[in-house]
Amino acid sequence: MASRKATPAEIRGRNSTRYLKLKARYRAKCEAHAVPCHLCGQPIDYSLPSGEDPNSFEVDHFHPVDTHPELFEDVQNFRPSHKDCNGSRGTKDVTPTLGTPSEAW
């Protein structure tokens, strides 16, 4: 599935001073608590520069920006993710997991 091109308004939004500050603050809080990727559950290497490594931190929007543009800068809609996990998800809904089973089945 080909990804759609971002609109000029979205590009400006992703580079706006307000969004970059919100994202930096959110990343700092996640890093302070070693919050794992909300999509795969694995640890995020917060020492990696954003956007350069597949395992680096990236803000994922729980409700995709395509369908909920009004939540773009809403920190309550932010989730920590790996760059690759976020890219793989695209605009699909988050699939809930049951967690670790209590015993082997």
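Which residues make up the largest nonpolar core? In this predicted model, local features need pLDDT of at least 70 and side-chain atom pairs count only at pLDDT 80 or more, while totals for chains, interfaces and linings use all residues. Residues are numbered from 1 along each chain as its sequence is written, and side-chain values use heavy atoms, with hydrogens and water left out.

A look at the overall layout helps to set the scene. The protein contains 3 helices and 2 strands, where helices (H or I, at least four residues) and strands (E, at least two) are DSSP runs numbered from the N terminus. Along the sequence they follow the pattern α-α-β-β-α. Of the 105 residues, 27% are buried; buried means under 20% relative accessible area, exposed over 50%, and partly exposed in between (1.4 Å probe, protein chains only). Among contacts (heavy atoms within 4.5 Å) with a separation of 6 or more, 59% link residues 24 or more positions apart.

The core asked about at the start has 12 residues: Tyr 19, Leu 22, Tyr 26, Cys 30, Cys 37, Ile 44, Tyr 46, Phe 57, Val 59, Val 65, Phe 72 and Phe 78. Such a core is a set of buried Ala, Val, Leu, Ile, Met, Phe, Trp, Tyr and Cys residues joined through side-chain atoms within 4.5 Å. Helix 2 and strand 1 (57-61) each supply at least two of its residues, and the largest share, 4 residues, comes from helix 2. One member of the core, Ile 44, is in contact with residues including Val 35, Cys 37, Phe 57 and His 82, its neighbours within four places in sequence being left aside.

Helix 2 itself deserves a closer look. Its buried residues are Tyr 19, Leu 22, Tyr 26, Arg 27 and Cys 30. They lie on the same side of helix 2 because they cover an arc of only 135° around the axis, the arc being that of the directions from the helix axis to the C-beta atoms. Thr 17, Lys 21 and Ala 32 are exposed on the face turned away from the buried side of helix 2. After helix 2 comes Ala 34, whose phi is positive, near 50°.

Finally, the cysteines. With a disulfide taken as a pair of cysteine sulfur atoms within 2.5 Å, the count comes to 0. Cys 37 is in no disulfide, and the nearest cysteine sulfur, that of Cys 40, is 3.8 Å away. Cys 37 counts as buried because its relative accessibility is 2%, whereas Cys 40, at 36%, counts as partly exposed.
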